Structure formats: structure tokens, C-alpha cells
Amino acid sequence: MSISQQVLLRDAMRRLNLTRDVFATRIGVKRRALDSWLLPESSQEFRRMPEVVGRFVTEIVENDTLMEKYAQSAQSGPLRDRIAVNGRHQLLSVDQFTRESVEDLFRVADLMQPIARRQKVSRVLEGAVLANLFFEASTRTRVSFGAAFCRLGGSVCDTTGFTFSSMAKGESIYDTSRVISGYVDAMVVRHPEEGSVAEFARATNIPVVNGGDGPGEHPSQALLDLYTILTEFSRLGKLLDGSHIVLTGDLKYGRTVHSLIKLLSLYRGLKFTLISPPGLEMPDHIIEQAGARGHDIIQTHSLKDGLPGADVIYTTRVQKERFSAEEQVEGYTEDFQINKAVIDAYCDNDVIVMHPLPRDSREGAHDLSVDLNEDSRLAIFRQTDNGIPVRMAIFAVLMGVEGQIQHSMRDATWSPPSHIGPDDSVFHGLD
Ligand code: NCD
């Protein structure tokens with residue numbers, strides 16, 4: 001079975017690094033026709049792409065890919081080997097990726113979309129068991145990793161917190177990891193200490209995924225964030241190279257922004273504006289890593305100075321649970337809240353607003369405001385939805401089954417609602 005036209009086209013635009021408008025011109029078709037070929041087949045506006053266009057696109061991509069392959073012969077081989085850590089198939093840090101390998105992973109995520117949208121089902125991981133070991137609070141990361149594994153046909157065992165785990169009896173990370181490896185085929189681990197998930201990973205040969213190690217990294221979140229930015233930019237006709245990304249909030253302890261800035265740095269000529277309350281600035285070593293790739297990095301404490309010209313505003317919760325006893329930072333005052341008035345005052349209509357969630361919606365919290373909920377610039381639920389195809393892709397790649405996905409798909413026996421959320425705008429999740 002050949003790949004779907006949507007996967008072929010999205011992959012082609014990403015590999016060739018072209019906006020939809022430029023890509024449409026390059027293959028000699030109207031932008032509207034291209035848009036209709038990219039829609040899911042269930043959409044009324046969907047149109048089948050003429051076969052001759054498909055052949056033409058394949059030819060262009062193959063030519064470009066061939067050139068790329070010659071240039072990077074060292075990078076060939078299965079994706080899981082190219083991103084491996086000491087020969088092991090694990091995902092611990094975004095540092096494991098190059099721009100090419102990240103885009104290869106997104107090609108697999110695109111393949112997963114019909115399953116994530118419940119049009120198709122797959123049992124490619126039938127019989128495999130995942131352990132979700134979460135020693136810190138989590139809702140979306142734990143459930144979406146679990147759901148992703150189940151949607152590939154596997155099953156999931158969960159543990160949450162220290163209180164009911166043997167670590168409360170003084171068991172070492174090594175022993176826990178080795179024991180669990182005898183029970184399951186993959187592990188996702190979240191733990192409050194930086195570097196702890198790497199310690200779990202050293203004690204086993206089964207795939208381990210870092211679901212957040214204290215203030216360290218959160219690679220799967222950064223991958224789904226980048227996937228979201230690329231998907232949103234495709235709809236808006238923008239390229240990531242040369243764009244302006246604003247990161248706001250707790251940049252000191254927020255692991256999502258630590259992973260995200262490193263991953264975005266794989267692209268070219270970005271402008272990063274880092275806006276934090278005083279005392280919660282991004283750690284120097286992360287700024288240096290991004291700066292070494294030639295990006296423009298500006299730090300400020302003011303939304304008014306930092307927001308103008310932004311293509312993406314990525315805002316985060318203040319991680320009070322990570323503050324040391326001496327830290328007196330109050331966190332957000334209202335001067336740091338991203339809300340409709342601020343966006344209307346300083347930003348263009350095509351900005352996108354993201355947040356890894358959870359946001360603090362309690363009275364007086366000043367996290368991302370709910371007054372943007374019906375504004376299509378707010379991408380937070382499109383972002384969370386993308387967690388499923390991206391995490392499915394991570395499992396498929398680490399377990400080496402990505403090549404079997406296409407063949408394994410069957411029609412789903414039920415139909416989900418066309419819009420999952422009552423406030424979802426028309427394009428929500430559609431392209
Ligand atoms: C984040 C985390 O746990 O790092 N949440 C998530 O996984 N989406 C952000 C946070 O807790 O503020």
C-alpha cells in the first residue's frame with residue numbers, strides 16, 4: 001500500500017522547506033487545490049490529488065533526498081539507530097536529534113494521524129506492554145503516552161507517586177529499573193530529579209522515554225511542540241527558519257522550554273525573545289547552546305518590549321514546587337499574564353499562543369488567561385491533540401515497527417465527533 005497523499009505532501013513541504021504557497025507554485029497548482037488535497041478524507045472539501053501530481057512530487061523529493069543522503073552518509077540507517085544513546089533505543093534528551101532525524105520522526109507522526117483521529121486502528125504493537133512510571137504529578141503526559149501505546153495495540157501498566165512504590169522502602173533506581181524491565185517492553189519515566197531518567201535508562205536494554213526529569217528535560221513535549229509549530233506554520237504559510245519565537249514564564253525551572261529552545265535551535269536564523277519574571281531566567285548553559293548555533297537571543301522582563309513581531313508565544317506555568325526554601329520569587333504578577341488585551345495590543349493576527357499545560361486558572365494566578373479560549377490564535381488544544389501522533393511515532397520508532405504501520409491500518413468501527421471540543425475552530429486538527 002502506498003502512503004496517503006496528505007503524508008506525501010506534508011513530508012515534501014517539510015523536506016524541501018517550502019511554504020504551501022511556494023510549494024504550490026513549484027508544482028504548478030493553485031494553493032486552494034493543494035489545501036483540498038491536504039484535508040482528511042472525511043472532510044467535505046477533501047479532493048483526491050491527480051496521480052500525475054503525486055508522481056511529480058515524489059520525483060522532486062527523491063532528487064532532493066538523494067542529494068541530502070550523499071551529504072550525510074554518516075546519518076543513514078534506521079531512525080532508532082540514528083537517535084540511539086550508547087547504542088540503546090531510548091529517548092532521554094532532544095540532543096539526540098538532528099533536523100533531519102526530527103523531520104523523519106514527524107513523517108511517522110503524520111502516518112499516525114488517521115489512527116490518532118480515530119478513523120483507523122492498528123495492532124502493530126499487539127502483545128507489547130508499557131510501564132508508565134510517574135513519580136511526579138502528571139495528567140496529559142501519562143495519559144497520552146498510555147493512549148498512544150494502546151492505539152498501537154499494546155497494553156499499559158501504570159504506577160504513580162513514591163508513596164505506593166518500593167522507592168519509599170529505599171529501593172535504588174537501578175533495582176527498580178532492572179526489575180520492571182523483566183515485566184514490560186518499554187518504560188516511560190517521570191521523576192523529580194534531573195538526570196534520574198538517564199539513570200533508569202542505564203539499568204536496562206528496553207526502550208526508556210524521559211517523561212520529565214525534574215527541571216532537566218521533557219523531550220516528548222518539545223517534539224510535539226515543534227510538530228505543532230510546523231503544522232500551524234504550514235496552515236499560516238510561514239517557515240520556521242527566520243521566525244521569531246517568544247518564550248515566557250518560568251524559564252529557570254520549566255523543563256519544557258529547556259528542551260524546546262534546544263530543539264528549535266536545529267533550524268536556521270531564529271530570533272528568540274525570553275521573557276521571565278526577574279529571578280526565573282533561562283539557565284546560561286542552555287542559552288549558550290542555542291546561541292552557539294547563531295540564533296539571535298534577547299532577554300527581557302517586559303511583555304511590551306518582547307512580544308512585538310512574535311510568530312509564536314510559548315508561555316509556561318511558574319514551577320513553584322521546584323523553588324528552593326530561600327527562593328522568594330512571587331512568580332507571575334499581572335504584568336506577565338498573556339491575555340487577549342495583551343495579544344491584541346502587541347501582536348499580529350497570525351501569532352500562535354502555546355502552553356505545555358497545565359495552566360493555573362485559579363483566581364489571581366496570572367498564568368495564560370482563559371479569555372483567549374475562543375480565539376483561533378490559541379493553539380493549546382491543537383497542541384495537546386498532537387501529543388498522540390507524536391508519542392505514537394516515538395514508540396513505533398524506538399520499537400522498530402514504523403515500517404509496518406501503513407499495512408497494519410484497518411477502518412475504525414466507530415466515529416468520533418467531528419470536533420472534539422465545543423470551542424474548536426473549523427481548522428482544528430484538520431491540517
Ligand atoms: C509540564 C511538565 O510537567 O513539565 N507539563 C506537561 O508535561 N505538559 C509543564 C508544567 O507542569 O508546568
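In which loop is Thr163 found? Select Thr163 in this predicted model, and you will find it in the loop between β3 (155-160) and α8. Thr163 counts as exposed, because its relative accessibility is 66%. If you also select Leu264, you can compare two kinds of separation, for Thr163 and Leu264 are 101 residues apart in sequence and 37 Å apart in space, taken from C-alpha to C-alpha.

From that loop, go on to helix α8 itself, which covers residues 173-181, and colour its buried residues, namely Ile173, Thr176, Ser177, Ile180 and Ser181. These residues lie on the same side of α8, because the arc they cover around the axis is only 130°. When you show what surrounds them, you will see that the buried residues of α8 pack against β2 (129-134), β4 (186-191) and α9 (196-202).

Next, select helix α12, residues 284-291, whose buried residues are Ile286, Ile287 and Ala290. Looking down the axis of α12, you will see its buried residues fall within an arc of 100°, so they line one face of the helix. The face of α12 turned away from this buried side carries Asp284, His285 and Glu288, which are exposed. On the buried side, the partners to display are α11 (255-264), β7 (271-275) and β8 (296-300), against which the buried residues of α12 pack.

The next stop is Arg14, which has its place in helix α1 (residues 5-16). Is Arg14 buried or exposed? Arg14 counts as buried, because its relative accessibility is 13%, and the cut-off for that word is under 20%. Leaving aside residues up to four places away in sequence, Arg14 touches Glu103, Phe106, Arg107, Asp110, Tyr227 and Leu230.

Now show α1 together with α6, whose axes come within 10 Å and cross at roughly 160°. That angle makes α1 roughly antiparallel to α6, and the crossing of the two helices is right-handed. On the α1 side the residues to select are Val7, Arg10, Asp11, Arg14 and Arg15, which meet Glu103, Asp104, Phe106, Arg107, Asp110 and Leu111 in α6. Sorted by class, the contact of α1 with α6 has 3 nonpolar, no polar and 8 charged residues.

Keep helix α6 (residues 99-116) in view and add helix α15 (residues 380-398), since these two pack at an angle of about 120°, with their axes 8 Å apart. That makes α6 oblique to α15, and α6 passes α15 in a right-handed crossing. The residues of α6 that meet α15 include Leu105, Val108 and Met112, while those on the α15 side include Ile388, Pro389 and Met392. By class, this contact of α6 with α15 has 14 nonpolar, 2 polar and no charged residues.

For the last stop, look at the backbone in the loop between β10 (352-354) and α15, where Pro358 lies. Most residues other than glycine have a negative phi, and most peptide bonds are trans. Leu357 and Pro358, however, are joined by a cis peptide bond, with omega about 5°. Leu357 also has a positive phi of about 65°, although it is not a glycine, and it counts as buried, at 14% relative accessibility. Finally, select His366, which has its place in the loop between β10 and α15. The phi of His366 is also positive, near 60°, and His366 is partly exposed, with a relative accessible area of 23%.

Definitions and conventions: Residues numbered from 1 in each chain as written. Predicted model: local features only at pLDDT ≥ 70, side-chain atom pairs only at ≥ 80, totals over all residues. Heavy atoms only, no water. Buried < 20%, exposed > 50% of the residue type's maximum accessible area, 1.4 Å probe, protein only. Helix = DSSP H or I, 4+ residues; strand = E, 2+ residues; numbered from the N terminus. Arc of directions from axis to C-beta. Contact = heavy atoms within 4.5 Å. Axes fitted to C-alpha atoms, helices over the stretch in contact; angles between N-to-C directions. Parallel < 35°, antiparallel > 145°, perpendicular 65-115°, else oblique. Left-handed = near helix turned anticlockwise from the far one by under 90°. Nonpolar A, V, L, I, M, F, W, Y, C, P; charged D, E, K, R; others polar.
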